[in-house]
Amino acid sequence: MKLIAIVGGTKGIGRAVARLLAVRGDRVALLGRDAADLAASAADLAARAPGDPPATAVLDLARPETYDAALDEAIRRLGGLDAVVITAGAFGTQDALEADAAARQRVLSTNFTDTIQFCEVARARLLAGGGGTLCVLGSVAGDRARKPVVLYGATKAGLAYYLQGIDLRHRDAGLRVVLVKPGFVRTGSRETEFGGRTFIDQRLVQVERARRQARELAPRKHARPRDVEDADVPTLDEVANGRGEAWRV
Ligand SMILES: NC(=O)c1ccc[n+]([C@@H]2O[C@H](COP(=O)([O-])OP(=O)(O)OC[C@H]3O[C@@H](n4cnc5c(N)ncnc54)[C@H](OP(=O)(O)O)[C@@H]3O)[C@@H](O)[C@H]2O)c1
């Protein structure tokens, strides 16, 4: 059984992670900025796993003054701290962020400055307790520049660089850094950004259609299905299974 604080556990990937951890028997503390969301999420976890309901504490990545009190409360309620998981993050397409300076500021700050500020405090707490795991959600969008997500990808690239650095710097002292880089996952933020029909869905549907047409044309027009099969895009099945990259430019 592990003692785990999770930031972002009220929504999307974080909620799924929190449920998995609770069901497998870990003790979980939910840290987030909305007290009502935290209470609802704690009740959801309590209904799925036996034992005490999870601890909750208000933490806003954009408000560093909330960090210490939230971690204090998590450690007090958990009885220690083995791992901090940060799934909190902000997303915007390149089109949306180019058109909206406030949204741009929010994505750049949340995913880079604010997350790193919190990581600095969290890793100090873990090291003070003898070591532990710091697990942070990056993205495949940070691996190389992509036209639809230049700014978002830049935040995740910078975050990855930082995480590699603290892994090198503090590994021997007992800090284990884990960077998770998902491809596309259908969560609330992505549904909203793309109006319920996601960018990747549309691209993949186009590719799937092109593949099918190439197969149909192949016998009589000598089209080459392999040309389409080789496209640098995962199939719908691969994405649904959580494999492959989500973006194509
Ligand atoms: N979904 C994807 O396709 C995908 C792909 C690659 C990487 N990722 C990354 O995976 C992580 C989770 O993504 P998701 O799609 O699950 O996101 P999501 O459904 O939008 O959930 C985001 C979570 O972050 C929290 N959050 C945002 N700003 C915060 C702040 N300032 N302080 C504290 N919490 C804050 C939100 O809390 P509120 O409810 O208070 O807003 C929410 O719980 C993100 O880092 C994302 O960049 C996602």
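**Exercise 1. Classify the burial of Thr133 in this predicted model and describe its surroundings.**

Solution.
Step 1. Thr133 has 17 other C-beta atoms within 10 Å, and is therefore partly exposed. The cut-offs that decide this are 20 or more for a buried residue and 12 or fewer for an exposed one.
Step 2. Thr133 belongs to strand E5.
Step 3. Residues up to four places away in sequence are set aside, and Thr133 then touches Asp82, Ala83, Arg176 and Val178.
Step 4. Leu175 is 42 residues from Thr133 in sequence, yet the two C-alpha atoms are 6.0 Å apart in space.

**Exercise 2. Determine whether Ser139 is buried or exposed, and state which residues it contacts.**

Solution.
Step 1. Ser139 sits in the loop between strand E5 (132-137) and helix H6 (150-170).
Step 2. Inside 10 Å, Ser139 has 27 C-beta neighbours, and so it counts as buried.
Step 3. With neighbours within four places in sequence left aside, the contacts of Ser139 are Lys156, Lys181 and Pro182.
Step 4. The C-alpha atoms of Ser139 and Thr155 lie 9.5 Å apart, with a separation of 16 residues in sequence.

**Exercise 3. Examine the length of H6 and the placement of its buried residues.**

Solution.
Step 1. H6 contains 21 residues, and the distance from its first C-alpha to its last is 30 Å, close to the 30 Å expected at 1.5 Å a residue.
Step 2. The buried residues in H6 are Tyr152, Gly153, Thr155, Lys156, Leu159 and Leu163.
Step 3. Around the axis these residues cover an arc of only 150°, which means that they are on the same side of H6.
Step 4. On the other side of H6, the exposed residues are Tyr161, Gln164, Gly165, Leu168 and Arg169.
Step 5. The cover over the buried residues of H6 includes H5, E5 and strand E6 (175-180).

**Exercise 4. Carry out the corresponding analysis for H3, and place Glu73 within it.**

Solution.
Step 1. The 12 residues of H3 should span 16 Å at 1.5 Å a residue; the C-alpha atoms at its ends are 16 Å apart, in agreement.
Step 2. Tyr67, Ala70, Leu71 and Ala74 are the buried residues of H3.
Step 3. Viewed down the axis of H3, the buried residues fall within an arc of 95°, so they line one face of the helix.
Step 4. Asp68, Ala69, Asp72 and Arg76 are exposed on the other side of H3.
Step 5. Among the elements that cover the buried residues of H3 are strand E1 (3-7), strand E2 (27-32), strand E3 (55-58) and H5.
Step 6. Glu73 is also a residue of H3. Glu73 counts as partly exposed because it has 18 C-beta neighbours inside 10 Å.
Step 7. Apart from residues up to four places away in sequence, Glu73 touches Ala55 and Ala57. The C-alpha atoms of Glu73 and Ala57 are separated by 6.6 Å, although these residues are 16 apart along the chain.
Step 8. After H3 comes Gly79, with a positive phi near 85°.

**Exercise 5. Describe the packing of H3 with H5 and of H1 with H2.**

Solution.
Step 1. Two packed helices are described by the angle between their axes and the distance between those axes.
Step 2. Helix H3 (residues 67-78) packs with helix H5 (residues 101-128) at an angle of about 35°, and their axes are 11 Å apart. H3 passes H5 in a right-handed crossing.
Step 3. H3 contributes Tyr67, Asp68 and Leu71 to this contact, and H5 contributes Phe118, Val121, Ala122 and Arg125. Sorted by class, the contact of H3 with H5 has 5 nonpolar, no polar and 2 charged residues.
Step 4. Helix H1 (residues 12-23) and helix H2 (residues 35-48) pack at about 35°, with axes 9 Å apart. The crossing of H1 past H2 is right-handed.
Step 5. From H1, Arg15, Ala18, Arg19, Ala22 and Val23 meet Ser41, Leu45 and Arg48 in H2. The class count for the contact of H1 with H2 is 4 nonpolar, 1 polar and 3 charged residues.

**Exercise 6. Summarise the chain in terms of secondary structure, burial and contacts.**

Solution.
Step 1. The chain has 10 helices and 6 strands.
Step 2. Of its 249 residues, 32% count as buried.
Step 3. Among contacts between residues at least 6 apart in sequence, 65% join residues at least 24 apart.

How values were computed:
Residues are numbered from 1 along each chain as its sequence is written. This is a predicted model: local features need pLDDT of at least 70, side-chain atom pairs count only at pLDDT 80 or more; totals for chains, interfaces and linings use all residues. Axes are lines fitted to C-alpha atoms, for helices over the stretch in contact, and angles run from 0 to 180 degrees between N-to-C directions. Helices (H or I, at least four residues) and strands (E, at least two) are DSSP runs, numbered from the N terminus. A crossing is left-handed if the near helix is turned anticlockwise from the far one by less than a right angle, and right-handed if clockwise. Two residues are in contact if their C-beta atoms, placed from the backbone, lie within 7 Å. Ala, Val, Leu, Ile, Met, Phe, Trp, Tyr, Cys and Pro count as nonpolar, Asp, Glu, Lys and Arg as charged, and the others, Gly among them, as polar. The expected span of a helix is 1.5 Å times one less than its number of residues. The arc is that of the directions from the helix axis to the C-beta atoms.
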